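Let's take a walk through this structure together, one piece at a time. Have the sequence and the 3D view at hand.

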Amino acid sequence: MSAEVTAARPAAISVRHLTHRFGAEGAASSVLAIDNLSLDVVQGEFLCLLGPSGCGKSTLLNIIGGLVIPTEGEVLVHGRPMNRPMPDRLAFVFQESTLFPWYTVSENFTIAFKYRGVARSEWRDRTTEALASVGMAEFARHYPNQLSVGMRQRVNLARGIAAGTDILLMDEPFAALDEQSRMVLGEDLSVLLARTGKTIVFVTHSLAEAVFLSDRIVLMSARPAHIKQIITVDQPHPRLPEFMLEPRFSELRNRCYAALRDEIRAAMTMQASPLGTSEGA
Amino acid sequence: MKDSPAASRLIQLGFLTAALTAWYVAGRFSAIPPLFLPPIDAVWSSLNGLIRTEEFWSAIGVTLSTIAKAYGIAVVLGVLAGYLVTRSRFLTAVLEPVISALFSIPITLFLPLFILVFGIGTASKVAYGAAYGFFPIALNTIAGLSRVDRRYLAAARALGISAFGTVRHVMWPAAFPVILTGLRIGFFIAFASVLGGETISSVEGVGRNIALSAELLEPARMYAWIVVVVAAALVLNGAVSAIENRMRGE
Amino acid sequence: MLAARAAILAVTLVAWEVAARPTGGADLIAPPSAIAQALFATVLRDGAIRSAILFTLFEVLCAYALAVAGGLVLGLAIGSTEMARRSFYPVVLLLYAIPQVVMLPLVTLVFGIGPAAKIAFGFSHGVFPVLVNVIAGMRNVNPLYVRAATAMGAQRADIIRHVMFPHMATSFFTGLRLAMTTTLLGVILAELYVSTAGVGYFTKLFAENFDPAPLFALIGILAVMAIALNELARSVERRFTHWRTASTS
């Protein structure tokens, strides 16, 4: 199910025959999370992983980022196999702010820089720049719990971007925010993409968000995860709010829903029954 | 239901005033045998006299230094033990319940053993206070370090922070509030157990003086000492609360 | 897991046995074998010691019963209104912060050196956890429930009975468990202080005669008693609060 990987647009990330199982094979509590999944992420694209709850999209993201070693298969980032986190190549943005509450905002940035090997002389400027890009420049000396949830997540996002990596992995980063913040930050993300050419892999539940932000949407099945369909959204970045008003937008959104509807129902049934009896679902 | 804090303060003040007045009145009318409750003015003059004696201050010095030593040992051993235990999941799972179970026995039971081994002097109180204070500190250190929110650990890994860096930048700061609580509890336990040890069996110190006053049937002097200890306890409690509130306000 | 703990216990006992074998001077810590021997030959044989231990148990149970009853009644009274709580709870906490052990000589002056003093001292130690937990437990009642009950026509007493009491039951049972530990503490402290009879007399006797084995044995029995009582309190707590954890999982 690979897309148009060409010489001009190489694959930034290659997922090859990935299978992942939690728990020992054959054990009653073993869960097959991902089943023989292959995917190429083109450099400079915004790729969304869209699927029902518990389908394995976060697991897939964690494996791509090197936080989890897969049971079978491999992930290559810029041609190199991922077996541990590589903060110089990939930056993570998690759902809840993982800013350390005992450090100020700017101290949180310097920690990230320090372990990324960024030169000390650059720390101050890069922090200011990153914060400014999300409109949080005056809050450098604040502690995270002095900020609202939305502000914290913006800083979290800025920290991910400030790392200056080519690839950004984002796990439902806007899930805890109200709709207005989501829309504004979504637009900012699109602008960022257009400006920097970063590759972004984005996990979400939200159909509208996926259509608005992505170049390609990977529709995932319920557990065990495999790719149901890949939908291409042909709209250049930066995307404007007007895009959401076009009939094409609704059409794409409906296509996503149609493909996922059964998977969503399957996932809901799975959650109702205890682990171990859902293998056949 | 919106009573002002002033109203409840008033009640507390009234309570205190009533208690003191009752004490005064009881003394005036000899309502209660002076052996149990000497008149308030007798206690007051005893206290005044006591503060001027050298033995008062040396007793306080002995008790304070005993507490300081006991607590110091408890902190060092407790934090160290807590840290070492959490280095391994297996060790934590095995040892934490053991330490917790030991703590559920009143360590006071072992006071005679400490006196047997260390003698009747301050050494046994230091050992006893340290042993008692060790537990809440160790247990809280274990709890704090082993329950660091997984999300922060994941973030640290994602940022490429080294193992040592994770301990320094994530685990200790995250565990600190819990450990601090343990340090606070440990302090008050060391404080109370040193006093207890002195009261039950000792040759010097504040506790010894209280017991001695009772033995010599000098209730006014005993009450004077009790007032000193109660005042110290309240002041310490208030100070610790104030410090904690200040730290939390950050 | 159980195997690991048993292993630790075994290793500790063996190391203790080896280290404590008299090396001329290290006699003050008796090896487990000597302790076991003293236990059966001296301590449990002696009628006076046996009755001292049982009497201590009796004192603990009396003090505990009084502490629970007193703490519950007083706690309900203080916790039932916002005003009472705001006024008296800080007083309770302040009293809790005072090291009670300094009152021990006073208590013996007032109550004498018999069981009354030990029960009184045990009571004063045990009442606080119950009191604090009852008051705290009544505190966080969802005002919505109170409003709903009032709308249904409940009086103050009814509200206390049907809304607040069940709500604070969990805290109450936790308080019961803690109170067992502190009551024990109080009674032991009093026993050790009054060394003219009871358990305190024998500990003093063995200590002064530098006779470690029976001392360890006696303390061992008391420790076992303490653990047993604690486990009892803990299982009562678990039995009455298991529904809480089940519903929140």
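How many residues of chain A are in contact with chain B, and how many of chain B with chain A? On chain A, 19 residues take part, and they meet 17 residues of chain B. Keep in mind as you look around that this is a predicted model.

Let's stay with that contact for a moment. The size of an interface is often given as the accessible area lost when the parts come together. For chain A and chain B, the area buried between them is about 1700 Å², with 64% of it on carbon and sulfur atoms. Over in chain A, the residues that lose the most area to chain B are A:Phe100, A:Trp102 and A:Tyr115, and together they make up 35% of what that side buries. If you want an element to look for, try helix 2 of chain A, residues 105–116: it gives four residues, the largest share of the side of chain A that touches chain B. Sorted by class, that side has 13 nonpolar, three polar and three charged residues. What about links between polar groups? The rule finds zero salt bridges across the interface of chain A and chain B, but it does find three residue pairs in polar contact, both residues at pLDDT 80 or more.

Now bring in chain C. Chain A and chain C do not touch, and their nearest C-alpha atoms are 14 Å apart. Two pairs of chains touch, and of these the pair with the most contacts is B and C. Here 43 residues from chain C come up against 47 residues from chain B. The two chains bury about 4100 Å² between them, and 82% of that is on carbon and sulfur atoms. In chain C, the residues losing the most area to chain B are C:Arg86, C:Val102 and C:Leu109, which together account for 14% of what that side buries.

Which elements of chain C give two or more residues to this contact? They are helix 1 (2–20), helix 4 (82–97), helix 5 (104–111), helix 8 (156–193), helix 9 (198–208) and helix 10 (212–248) of chain C. By class, the side of chain C that touches chain B has 36 nonpolar, four polar and three charged residues. Across the interface of chain C and chain B, the rule again comes up with zero salt bridges, and the count of residue pairs in polar contact is one, with both residues at pLDDT 80 or more.

With the contacts covered, let's go inside chain A. It has an open sheet of four strands, in the order 2-1-4-5, with antiparallel pairing. The edges of this sheet are strand 2 (31–42) and strand 5 (80–81) of chain A, each of which pairs on one side only. Strand 1 of chain A, residues 11–22, is joined to strand 4 of chain A by five bridges, and the two run antiparallel. One place to spot this is A:Ile13, whose bridge partner in strand 4 of chain A is A:Val77.

Follow strand 4 of chain A, residues 72–77, across to strand 5 of chain A, and you'll find antiparallel pairing over two bridges. A:Val77 turns up again here, standing opposite A:Arg80 in strand 5 of chain A, while A:Leu76 has A:Pro81 as its bridge partner. The hairpin of these strands has two residues between them, and in it A:His78 takes a positive phi near 50 degrees.

One more strand of chain A deserves a visit: strand 9, residues 216–220. Is it mostly covered or mostly open? It is mostly covered, with five of its five residues buried. In a regular strand the side chains alternate between the two faces of the sheet. In strand 9 of chain A, A:Arg216, A:Val218 and A:Met220 lie on one side and A:Ile217 and A:Leu219 on the other, and all are buried.

Strand 9 of chain A also has partners to trace. It runs parallel to strand 3 of chain A, residues 46–50, and four bridges join the two; there A:Cys48 stands opposite A:Ile217. With strand 10 of chain A, residues 227–232, strand 9 of chain A runs antiparallel, joined by five bridges. In that pairing, A:Val218 has A:Ile230 as its bridge partner. A hairpin of six residues leads from strand 9 of chain A to strand 10 of chain A.

Methods: Residues are numbered from 1 along each chain as its sequence is written. Chains are lettered from A and ligands numbered from 1 in the order in which they are written. This is a predicted model: local features need pLDDT of at least 70, side-chain atom pairs count only at pLDDT 80 or more; totals for chains, interfaces and linings use all residues. Side-chain values use heavy atoms; hydrogens and water are left out. Buried means under 20% relative accessible area, exposed over 50%, partly exposed in between (1.4 Å probe, protein chains only). Two strands pair if DSSP finds at least two bridges between them. Contact means heavy atoms within 4.5 Å. Buried area is the accessible area (1.4 Å probe) that two parts lose on being put together, summed over both. A salt bridge is a side-chain nitrogen of Lys or Arg within 4 Å of a carboxyl oxygen of Asp or Glu. A polar contact is a pair of N or O atoms within 3.5 Å; within protein, one must be able to donate a hydrogen and the other to accept it, and residues adjacent in sequence count only if both atoms are side-chain atoms. Ala, Val, Leu, Ile, Met, Phe, Trp, Tyr, Cys and Pro count as nonpolar, Asp, Glu, Lys and Arg as charged, and the others, Gly among them, as polar.
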